[in-house]
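Visitor: I should like to understand how the descriptive terms applied to this structure are justified. Would you please set each value against its criterion?

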Amino acid sequence: MPTTSAPAILRGGEWLLQPSDADAVFTPERTTEEHRLIAQTAQQFVDNEVLPVLDRLEQKDWALARDLIKRAAGLGLLGVDVPETYGGVGLDKVSSLIVSERMARSASFGATWGATANLTVIPLHLFGTEAQKRKYLPRLLAGEIVGAYALSETGSGSDALGARTRAARQPDGSFVLNGEKMWITNGGFADLIVVFAKVDGEQFTAFLVERPFGVKSGKEEHKMGLHGSSTTALIFQDVHVPAENVLGEIGKGHKVAFNVLNFARFKLGAACAGGAYGAIGEAAKYAATRRQFGQPIASFGAIKHKIGEMVSRTYAIESLLYRTAGLVDARMAGAPHGSGDGSAALAAFEEYAVEASIAKVAGSEALDFVLDENIQIHGGNGYVRDYPAERHFRDARVNRIFEGTNEINRLLIPGMLVRRALKGELALIPAAKALQDELVGPPSLTSSDDSPLAEERRAIEAFKKVALMVLGLAMQTYGEKLTDEQEVLMQLADIVIDVYSAESAVLRAFAAKNKSQVSGLKSQVADDLNLETRALRLAGLQVDAARVFVNDAALRIDAAARQALATMTEGDTLRTMLAGLRRLLKVTPINTVALRRRLADEAVARGAYPFA
Ligand SMILES: Cc1cc2nc3c(=O)[nH]c(=O)nc-3n(C[C@H](O)[C@H](O)[C@H](O)COP(=O)(O)OP(=O)(O)OC[C@H]3O[C@@H](n4cnc5c(N)ncnc54)[C@H](O)[C@@H]3O)c2cc1C
């Protein structure tokens, strides 16, 4: 199902090299009635069926977890990404993002759901043979069986290809698996497990392993959070796996693992956004009712600052997620075999792997910021179990660790951009050269522009040039050895993440402001001002959120760029580079206090994240 609007099909990372058109970017405001219905279905399911039984899940009632999976399946919440032929509901990636956001209202059940709906269903959909799909997908999507994804081992987490689990090839073509996987979500009760093992000790390969083949679970891990999800080791001792249960090709397990992760990272970013919407609501409601010094704490500037910042950061994450989903959908819609084919999704997520890593890192870090501030706003009540704030905080911490740690994802972001540039897939090198010429030439005059967010849109163009300047210098300085310079790569990743986040926020706010102005004019004719006034106010708040984000991103980008430049150059060269940086990054600070106060007041008045 294509989305209603048709965003331009930019290639992955291409937004770094050219201005983007706000009309071509997908935003939450462009969602359809069908999107809103699936959001409502997922939200009501979690609110009415999962949250009331969370204590039982935290007591490890896995029969209940299985039952909830079945009920989610009945509502179509497991098969959003899969065509109806295999028992799915075949919706677009915007729907997929929406479901992930809503399922995260319970982080524990969200993990249980994600391990089956994302980490088992997706590899089957992308890499399964027709026979494998027909055998397993309908049962998975009906919730009759539950899935798990077993990649990590004690000795190989980030270094996933270093797995020691072995698959010995048998004369009849079948395999015998031996080894142990660690920290597997749904490990205590999953029926079908995607297992990675090395065929004859060398060829990294994915297998579909049914529990009755002989898989044993270790004990439940004592975790910091996600107490309502099962995490165990899985033990494979002479487990016989038929030849037809190889998933993908022998020796090509890395393709399965990495492509599934592209998908999963995007969805994890969505789950983090969902967690942030909920926590902002909790913080706002608490701040409205908790009184100190004779007034609600929401009236204090320090608290308004926190809530305003929580809203602004979440707004940027939400914007980049919907933008990315729009890109993926547009690309899939243009695929030769149509969007229902697994190969279309595979190609699209490969294309937007940089954006998926950004969603994962930015989403998980924004969420941790929001949840930390949520505790702070709750004071002592934030630190005790009577309130959910402490549980959210514990539950969320793992988001920076699994699906590739944030360090690994940060390394991947500039790494993938450079690789594409060297392959000629991304015109980064000519753009960096053009920028060098621009910096030695006379400054160009900026024309006056009084359209909404004009300053911020100029700032985004400057951010992109800073990213290019640092990336170009890093490629020039280190060449092939750039991969060894992790500190510079981390700074580069931070800059690129801020560029994508800030631009996504600005494009969305710009579109909202333009639309509200146009419909505001119409409404005076129609004499239906209430709705329009509200839309105008919300659009104004979106502009506030975007402006706060850009203001602070400029400071972060400046700091990261200075550090990186000082690492790579010194003396006169450094001075020249810093002069170039000053010339590019002329962002005048704005009064973010007033903007954050408005955002906070709206969140408190509504008792919710204002834009969800
Ligand atoms: C609750 C939970 C659920 C999980 N569910 C699953 C699951 O369902 N399936 C599954 O397969 N796995 C699962 N995992 C495992 C998870 O994916 C790994 O923990 C994660 O990939 C990190 O691996 P590690 O723990 O071995 O850390 P390590 O790889 O040892 O990393 C330790 C630190 O070193 C850093 N580091 C590592 N390598 C590098 C490098 N090259 N450069 C710079 N820094 C580096 C890391 O970023 C990290 O900060 C789960 C883990 C948890 C806690």
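Guide: A residue is called buried under 20% relative accessible area, exposed over 50%, and partly exposed in between. The model under discussion is predicted.

Visitor: Why is Tyr387 called partly exposed?

Guide: The relative accessible area of Tyr387 is 31%. Partly exposed is the class between 20% and 50%, and Tyr387 is therefore partly exposed. Tyr387 is found in the loop between helix H11 (353–378) and helix H12 (389–396).

Visitor: What makes Tyr387 part of a nonpolar patch on the surface?

Guide: Patches are made of residues with over 30% relative accessible area and no salt bridge, and nonpolar side chains are joined within 5 Å. Tyr387 has 31%, so the area criterion of over 30% is met. Tyr387 forms the patch together with Tyr383 and Val384, with about 330 Å² of accessible area together.

Visitor: Why does Asp200 count as partly exposed?

Guide: Asp200 has a relative accessibility of 47%. Exposed would require over 50% and buried under 20%; Asp200 therefore counts as partly exposed. Asp200 lies in the loop between strand E4 (192–199) and strand E5 (203–210).

Visitor: What makes the phi of Asp200 worth a remark?

Guide: Most residues other than glycine have a negative phi. Asp200 is not a glycine, yet its phi is positive, at about 55°. Leu453 is also a residue other than glycine with a positive phi, near 60°.

Visitor: How do you know whether Leu453 is buried or exposed?

Guide: Leu453 has a relative accessible area of 6%. Buried means under 20%, so Leu453 is buried. This residue is found in the loop between helix H14 (428–440) and helix H15 (454–478).

Visitor: Turning to the ligand, what makes the approach of Ser152 to a nitrogen atom of the ligand a polar contact?

Guide: A polar contact is a pair of N or O atoms within 3.5 Å. A polar side-chain atom of Ser152 lies 2.7 Å from a nitrogen atom of the ligand, so the pair qualifies. A polar backbone atom of Tyr149 is likewise 2.7 Å from a ligand nitrogen, and for a polar side-chain atom of Thr185 the value is 2.9 Å. The protein buries 67% of the 970 Å² that the ligand exposes when taken alone.

Visitor: Which elements each supply at least two residues of the shell around the ligand?

Guide: They are strand E1 (147–150), strand E3 (175–185) and helix H13 (406–422). The residues of the shell divide into 10 nonpolar, six polar and two charged.

Terms used
Residues are numbered from 1 along each chain as its sequence is written. This is a predicted model: local features need pLDDT of at least 70, side-chain atom pairs count only at pLDDT 80 or more; totals for chains, interfaces and linings use all residues. Side-chain values use heavy atoms; hydrogens and water are left out. A polar contact is a pair of N or O atoms within 3.5 Å; within protein, one must be able to donate a hydrogen and the other to accept it, and residues adjacent in sequence count only if both atoms are side-chain atoms. Accessible areas come from the Shrake-Rupley method with a 1.4 Å probe; for residues, only the protein chains shown count as cover. Helices (H or I, at least four residues) and strands (E, at least two) are DSSP runs, numbered from the N terminus. Ala, Val, Leu, Ile, Met, Phe, Trp, Tyr, Cys and Pro count as nonpolar, Asp, Glu, Lys and Arg as charged, and the others, Gly among them, as polar. Patches are made of residues with over 30% relative accessible area and no salt bridge: like charges are joined within 9 Å, nonpolar side chains (Val, Leu, Ile, Met, Phe, Trp, Tyr) within 5 Å. A salt bridge is a side-chain nitrogen of Lys or Arg within 4 Å of a carboxyl oxygen of Asp or Glu. Buried means under 20% relative accessible area, exposed over 50%, partly exposed in between (1.4 Å probe, protein chains only).
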